[in-house]
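Colleague: I am new to this structure and would like a close look at a single part of it. Please take your time and set that part within the whole.

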Amino acid sequence: MKNLLWVFLSILVSYGCSSSSDSPDETPNEIETRSFYMGFTPWLYEASLDAQSVTYDRLAQHGDIIKHHLLGGVPWQEALDGSPYSSNLEDNIQGRLSNSAPSLKVFLAIDSLNTARDGLAPYWGQTDNLPLPTEWASRTWSSPEVITAYTNYANDMIDRFQPDYFEYGTEASELLLNDPAGFADFVVFAETVYSNLKAQYPNLILITSVAYKSPSSTAMQTINNQYTALMPYTDLLGVSTYPYVFFDHNDRGDPANLPNNWLNQVNTLRGNKPWAISETGWIGEGLSIPEFNYSESSNPTKQNAYLEALLNQSNALNAEFVIWWTVADFDTLWTDTLNQDPLAKIWKDIGLYDGMQNQRTGLSTWNQWLTRIKN
């Protein structure tokens, strides 16, 4: 979903309980638990070293997992040849590795699809998100060169990041909707990449993800019927969900209007496999994007209501982790670096810190859940 420029220029919250109760009346049933790890991506609120430091400190303070999502494309030719990556890419990688708290679980995602989810991921060279070089523009996911290059790059990043989870098919459901023939080709890619990575990392949990639509929509029915082709190559099903913009019911800015089965529709797809929230968020203020004829009202109370519903239902459905996309609103980044990109604006105000970097109500709810025992 994100056609954004990835701008990337400690404390473990530990849990435990004693074998004996502090209170004679306490029973195990009174101990609050959560099924999921909780975390964010290191998306910055502005392009500065100070923002980088603050963001990573917050991720360590408010979570026990971090999602590194490499959004800038793939160094296709370098990965195929085994030649050095650009300094731009290496700086991005090293910045992440040097700033991440070592205590956090690691969820690594490398896009194989472009941001429009209708073609190959772009080229990451001296800058990110470059057009594909001529020899790569005509290749598809099932091309041997694509499979080899992606596998080589994934192997390298897995060795460096040592992730607990690895996503190679981010929002692949969008490709199914945009280009069914392309999705069939992607399944060929997935089968081989999955086999290659499993042979090298048998214990690594490999993920593909779906971008949620309204449960009763034609798009979601198509996903339910046809995404099954990708499930043999999916250890854990990721769910990407931003209902305030990508669902189709009235008054989407109010989570009270969410369909009853907005989240548990995951059971239709996952079968007996685990699942997780691979990315989500909710606007903490009103949002208007004239370019998309979109306008919805919201506020911190509504954002908190969504967060409460999300965490309660995720716990009831035994989610593996919950990733809230950005810990803070990125007003400055959107204005100064992203050139007020209308698509980027969709996610600008979903932080648990607002644009002035003040805490929203939802942060308290998030932290309360974080104190629960991870079971």
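Which residues are linked with Lys-67 in a network of salt bridges?

Modeller: Lys-67 is linked with Glu-167 and Glu-279 in that network, where a salt bridge is a side-chain nitrogen of Lys or Arg within 4 Å of a carboxyl oxygen of Asp or Glu. Before going further, please keep in mind that this is a predicted model, in which local features need pLDDT of at least 70 and side-chain atom pairs count only at pLDDT 80 or more, while totals for chains, interfaces and linings use all residues. Residues are numbered from 1 along each chain as its sequence is written, and side-chain values use heavy atoms, with hydrogens and water left out.

Within the network, the side chains of Glu-167 and Lys-67 meet in a salt bridge with an N to O distance of 3.6 Å. Because Glu-167 lies in strand S5 (residues 165-169) and Lys-67 in strand S3 (residues 65-70), the pair ties together parts that are 100 residues apart in sequence; strands here are DSSP runs of E with at least two residues, helices are runs of H or I with at least four, and both are numbered from the N terminus. Glu-167 counts as buried, since its relative accessibility is 0%, and Lys-67 is buried as well, with 0% relative accessibility; buried means under 20% relative accessible area, exposed over 50%, and partly exposed in between, using a 1.4 Å probe and protein chains only.

Further salt bridges help to place this one, and a search of the whole structure finds 17 of them. The side chains of Glu-171 and Arg-117 meet in one at 3.2 Å, N to O, and this pair links distant parts of the chain, with Glu-171 in the loop between S5 and helix H6 (172-178) and Arg-117 in the loop between strand S4 (105-110) and helix H4 (134-137), 54 residues apart. Glu-171 is buried at 0% relative accessibility, and Arg-117 is buried with a relative accessible area of 4%. Another salt bridge joins Glu-90 and Arg-160, whose closest N and O atoms are 2.9 Å apart; as Glu-90 lies in helix H3 (residues 87-99) and Arg-160 in helix H5 (residues 144-161), the pair ties together parts that are 70 residues apart in sequence. Here Glu-90 is partly exposed at 23% relative accessibility, and Arg-160 is partly exposed at 26%.

Lys-302, which sits in helix H11 (residues 300-316), offers a contrast with these pairs: it is buried yet has no salt bridge, and the nearest side chain of opposite charge, Asp-254, is 4.5 Å away. Leaving out residues up to four places away in sequence, Lys-302 touches Gly-253, Asp-254, Pro-255, Trp-282 and Ser-297, contact meaning heavy atoms within 4.5 Å.

As for the whole, the protein has 13 helices and 12 strands. Its radius of gyration, taken over C-alpha atoms, is 20 Å, close to the 21 Å that the globule rule (2.2 Å times the number of residues to the power 0.38) gives for 375 residues, so the protein is as compact as a globular protein of that length. Of those 375 residues, 57% count as buried, and the C-alpha trace spans about 70 × 50 × 45 Å along its principal axes.

Key:
Lys, Arg positive; Asp, Glu negative; His and termini not counted.
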